[in-house]
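Student: Could you pick one sheet and take me through it closely? After that, I would like to see how the rest is put together.

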Amino acid sequence: MKNSYLYIFCLISFFGCSKAIAPVDSALDKQILHFGNGSEPQGLDPHIVTGVPEHHLLIAMCEGLTIANPKGGENLPGVAKSWTISPDGKTYTFYLQEDAKWSNGEQLTASDFVWSWMRILTPSLGSQYPDMLYYVKGAPEYHQGLSDDFSSVGVTAVNDFELKVELTNATPFFIKLLSHYSTYPVHKDTVLKHGSIDDRNGQWTRPGNFVCNGPMNLNTWELNKEITVQKNPLYWDAENVRLNEIRYYPVSNESTEDRMFRAGQLHVTNVVPLEKCPVYIEDKNPDLRIEPYMGTYFYRVNTNHPVLKDKRIRLALAYALNRQLIVDKVSKCGQLAAYSFTPPGTAGYEPDTSIPFDPDLAKSLLAEAGYPGGTNFPVLEILFNTQEGHRKIALAVQQMWQQNLGISVQLVNQDWKVYLAREMTGDFQISRAGWIGDYEDPNTFLDTLRPNRGNNKTGWANQRYDDLLAIANSTNDQELRYSYLNEAEKLLIDEMPIIPIYTYVKAYQISSDVKGWYPNIIDTHHPKFIYLER
Amino acid sequence: MLQVILKRIAIAIPVILVVASITFFLVRMAPGGPFDAEKVVPPQVMKNLNAVYNLDAPLLIQYKDYMFNLIQGDFGPSFRYPGRSVTEMIFTGLPVTLELAFYAILIAMIIGGLAGVIAAVNRNTALDYIPMTIAMIGICMPTFLLGPLLVLYFGIHLELLPVSGWDSLAGDKILPSITLGAAYAAYIARLSRGGMLETLGQDYIRTARAKGLPEYQVILRHALQGGLVPVVSFLGPAVAGLIGGSFVVETIFQIPGLGRFYVEAAFNRDYTMILGTTIFFSALIIFFNLLSDIAVLLMNPRARSQA
């Protein structure tokens with residue numbers, strides 16, 4: 001033991017015994033933001049990647065026609081300085097910033113968008129987000145190979161600074177879609193220099209090759225270590241960008257990230273470890289932030305199951321859950337009990353639904369369906385992917401159903417990919433699920449449960465629901481539209497193919513040095529508004 | 001000796017091919033595919049993706065193509081990270097993992113070897129019991145416990161060392177190396193104690209002592225060579241184990257090594273990456289076993305004559 005102490009002592013004295021200066025302290029003068037980014041991004045090609053870490057990086061390095069408003073609400077101008085919408089809501093004309101440049105100094109023009117949208121819709125590219133542009137006239141046909149003439153797609157460059165987009169239907173949330181990275185422009189010559197239009201493995205996203213149009217430029221990319229981006233002096237709004245550099249760390253382990261934050265190696269964390277959240281809340285940790293997030297945690301019900309196809313049983317299951325107790329005593333990180341699928345407050349939409357916690361009503365519904373007191377009810381199985389948080393919720397749900405309905409519930413946890421495969425093939429009864437909106441509009445939630453949508457997975461198909469969404473999305477009157485969506489939401493909660501449990505919150509830690517960082521439901525913090533000050 | 005080496009290499013090649021074949025079919029039998037995600041990929045897109053990665057061909061054709069490319073040294077592209085080849089990812093992570101393993105084994109050998117020899121020389125005294133008790137605790141204590149404990153004390157409480165990173169901040173290699181090396185130090189301490197005790201009971205040691213050699217010379221010049229043979233034969237598998245088992249330490253300390261790629265590839269069903277890393281680790285294990293066998297041959301004349 002003496003020897004090991006001696007050795008540790010020697011090592012430490014070799015590297016210096018003084019207290020190290022924390023990176024966040026030395027970052028102030030240089031305006032370097034140290035950012036916990038969750039996991040290693042799949043890549044940096046906006047037309048290929050999917051995921052949140054990639055989103056954080058791409059909003060810094062590239063820019064679409066609009067950018068998400070950091071304070072929530074309507075999108076702000078991006079490459080498009082303004083736009084007009086035709087009275088029928090189907091034709092959008094975008095006027096581009098004349099000083100919008102690529103990071104290599106070339107002028108960014110409307111035809112760059114035309115080419116980029118052609119790229120993401122090219123079937124052989126295998127992009128996983130082409131449906132973001134499916135609202136554009138002719139886009140689904142082109143992507144599905146029914147047409148190979150891109151001029152049939154409703155996007156045209158009128159001149160260098162005017163882009164005309166024609167939609168199939170009035171799509172009131174179209175402007176919101178344009179801040180999503182899948183609609184970003186890519187630099188044609190750079191992409192083609194390193195591969196063809198449909199090359200997934202092109203090297204154009206490597207440091208040195210990467211050309212884009214955002215407030216930051218890619219500087220270094222060390223796999224599983226860090227990605228650094230530096231201020232782009234050619235960005236059209238560069239004078240308002242105050243950060244000089246952002247370092248993104250792919251820290252997938254929550255506890256490691258927490259320790260890094262405590263040791264002053266990070267300004268912002270991606271999450272707070274599950275077990276730490278209630279402790280930090282109790283300790284009133286000044287760095288802890290818990291903000292509403294546009295996501296819903298719910299249980300998916302397989303409506304093709306012989307027992308669960310009975311609506312009364314689905315309702316009984318939903319009414320037997322005490323959601324408030326789950327968020328107060330189980331998840332314990334400020335989550336909000338959910339009584340609708342769409343989180344309240346999504347783009348000003350307030351779902352007018354309720355799911356009572358009423359064990360007596362639940363029992364009578366179960367009895368009505370032929371299982372009084374839960375007798376003869378088959379053992380129900382809850383499928384979830386292996387994770388401590390999901391297990392705890394499942395245990396609570398199991399307990400509530402057993403206690404309030406008298407039925408037996410079995411928990412089945414599976415590796416992530418096995419869980420996904422079972423959900424996809426309908427090999428489940430009840431499964432844990434979560435849905436995070438892609439853009440700030442109720443449609444991003446309600447659309448998933450339309451019949452024949454891949455993300456439905458419940459087997460529930462309701463013509464009235466489908467019609468309501470179709471009508472809602474063809475009207476340009478926001479109030480009328482929300483009333484249709486609300487009606488659809490009520491129908492959904494009345495049929496209960498999914499059982500909402502809670503609305504997600506974004507819990508993370510942030511240094512008080514970080515300014516210009518505003519809470520918003522889509523958790524988008526555009527780097528051009530952020531700066532450091534103590 | 002050369003014959004032994006050549007023979008071992010000749011056996012290694014079919015072993016690797018068998019490992020590759022078994023892994024190929026095993027990963028394909030696992031449910032779920034590389035492109036499955038919570039947000040379902042539309043069938044049209046899935047079809048395109050499968051075409052891009054040759055996953056739409058019959059399995060046996062895919063196997064034939066994979067093995068053909070493998071023989072040419074091509075592990076294929078990563079499915080999870082478009083634009084990265086498996087070879088590139090292995091060779092990005094490998095130097096880091098090797099360096100970490102090197103420091104860990106160095107720490108393990110110095111601390112473990114020293115503790116084992118001291119314990120053996122001072123048999124049945126406090127200097128034997130204390131290091132051996134600590135070694136037993138070291139063997140039992142998992143890295144995922146030791147690592148965070150060291151970080152909390154040296155990184156957050158004393159603020160002496162960085163809590164994570166590799167080659168970014170001064171001193172960031174110390175804690176991960178100690179964490180990874182600790183368990184192996186404990187093994188080596190027990191092995192070297194056992195080896196030394198056996199050697200110290202030999203006739204030639206008694207002869208050396210009878211000749212009046214000072215005790216330190218008896219130990220350093222005569223006993224050590226024989227006493228450390230078990231440690232050397234342990235080192236081969238240990239180094240391979242360190243490289244393959246560095247995942248936990250790499251995760252705790254945010255180290256960009258190969259171990260993380262390996263484990264994450266399995267979770268992501270990144271077929272080519274799983275295959276590439278498995279084949280690569282198999283080759284490493286074979287290589288380090290060979291090295292340790294050669295070292296034992298050099299140290300032990302009896303083994304040499306048998307070979």
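**A sheet and its surroundings**

Tutor: Let's begin with an open sheet in chain A, built from 4 strands in the order β4-β5-β7-β6 with antiparallel pairing. Its edge strands are β4 (80-85) and β6 (155-159) of chain A, and each of these pairs on one side only. From one strand to the next, the twist averages 25 degrees. Please keep in mind that you are looking at a predicted model.

Now look inside the sheet. Strand β5 (residues 91-96) of chain A and strand β7 (residues 162-166) of chain A run antiparallel and are joined by 5 bridges. If you want one pair to find on screen, take Tyr95(A), whose bridge partner in β7(A) is Glu162(A). The sheet also has a helix beside it to look for: α4 (residues 110-121) of chain A lies across β5, β6 and β7 of chain A. This helix runs at about 165 degrees to β6(A).

Next, follow chain A further along to a hairpin. It is formed by β8(A) and β9(A), with 3 residues between them. In the turn you will find Asn224(A), which has a positive phi of about 60 degrees. Strand β8 (residues 216-222) and strand β9 (residues 226-231) of chain A run antiparallel, and 6 bridges join them. Glu222(A) is a handy place to check this, as Glu226(A) in β9(A) stands opposite.

Another strand to visit is β11 (residues 288-301) of chain A. Of its 14 residues, 11 are buried, so this strand is largely enclosed by the rest of the structure. To count as buried, a residue needs 20 or more other C-beta atoms within 10 Å of its own. β11(A) has two partners for you to trace. With strand β16 (residues 498-509) of chain A, β11(A) makes 10 bridges, and the two run antiparallel. Here Tyr297(A) has Tyr502(A) as its bridge partner in β16(A). With strand β15 (residues 430-436) of chain A, β11(A) pairs in the antiparallel sense over 7 bridges. In that pairing, Phe298(A) stands opposite Ala433(A) in β15(A).

Now step back to see chain A as a whole. Chain A holds 17 helices and 18 strands. A compact globule of 534 residues would have a radius of gyration near 24 Å, and chain A, at 25 Å, agrees with that. Taken along the principal axes, its C-alpha atoms fill a box of roughly 80 × 75 × 35 Å. Of the 534 residues of chain A, 50% count as buried. Sequence separation adds to the picture: among contacts in chain A between residues at least 6 apart in sequence, 68% join residues at least 24 apart.

Let's move on to chain B, which has 14 helices and 0 strands. The C-alpha trace of chain B spans about 85 × 55 × 30 Å along its principal axes. Of its 307 residues, 43% count as buried. For contacts in chain B with a separation of 6 or more, residues 24 or more positions apart account for 74%.

You can see such a distant pair of positions with Leu17(B), which sits in helix α1 (residues 2-29) of chain B. Leu17(B) and Ile279(B) are 262 residues apart along the chain, and their C-alpha atoms are separated by 8.4 Å. Leu17(B) itself counts as partly exposed, because it has 14 C-beta neighbours inside 10 Å.

For helix packing, turn to α4(B) and α7(B). Their axes are 6 Å apart, and the helices pack at an angle of about 35 degrees. The crossing of α4(B) past α7(B) is right-handed. In this contact, the residues divide into 25 nonpolar, 6 polar and 2 charged.

Finally, see how the two chains meet. The contact takes 51 residues from chain A and 49 residues from chain B. Several helices of chain B give two or more residues to the side that touches chain A, including α2 (43-52), α6 (143-157) and α12 (258-268). The largest share of that side, 6 residues, comes from α4(B). By class, the side of chain B that touches chain A has 33 nonpolar, 10 polar and 6 charged residues. So that you can find your way back: we started at the open sheet of β4-β5-β7-β6 in chain A.

Notes
Residues numbered from 1 in each chain as written. Chains lettered and ligands numbered in written order. Predicted model: local features only at pLDDT ≥ 70, side-chain atom pairs only at ≥ 80, totals over all residues. Contact = placed C-beta atoms within 7 Å. Nonpolar A, V, L, I, M, F, W, Y, C, P; charged D, E, K, R; others polar. Rg over C-alpha atoms; globule rule 2.2 N^0.38 Å. Buried ≥ 20, exposed ≤ 12 C-beta atoms within 10 Å, placed from the backbone. Pairing = 2+ DSSP bridges. Axes fitted to C-alpha atoms, helices over the stretch in contact; angles between N-to-C directions. Left-handed = near helix turned anticlockwise from the far one by under 90°.
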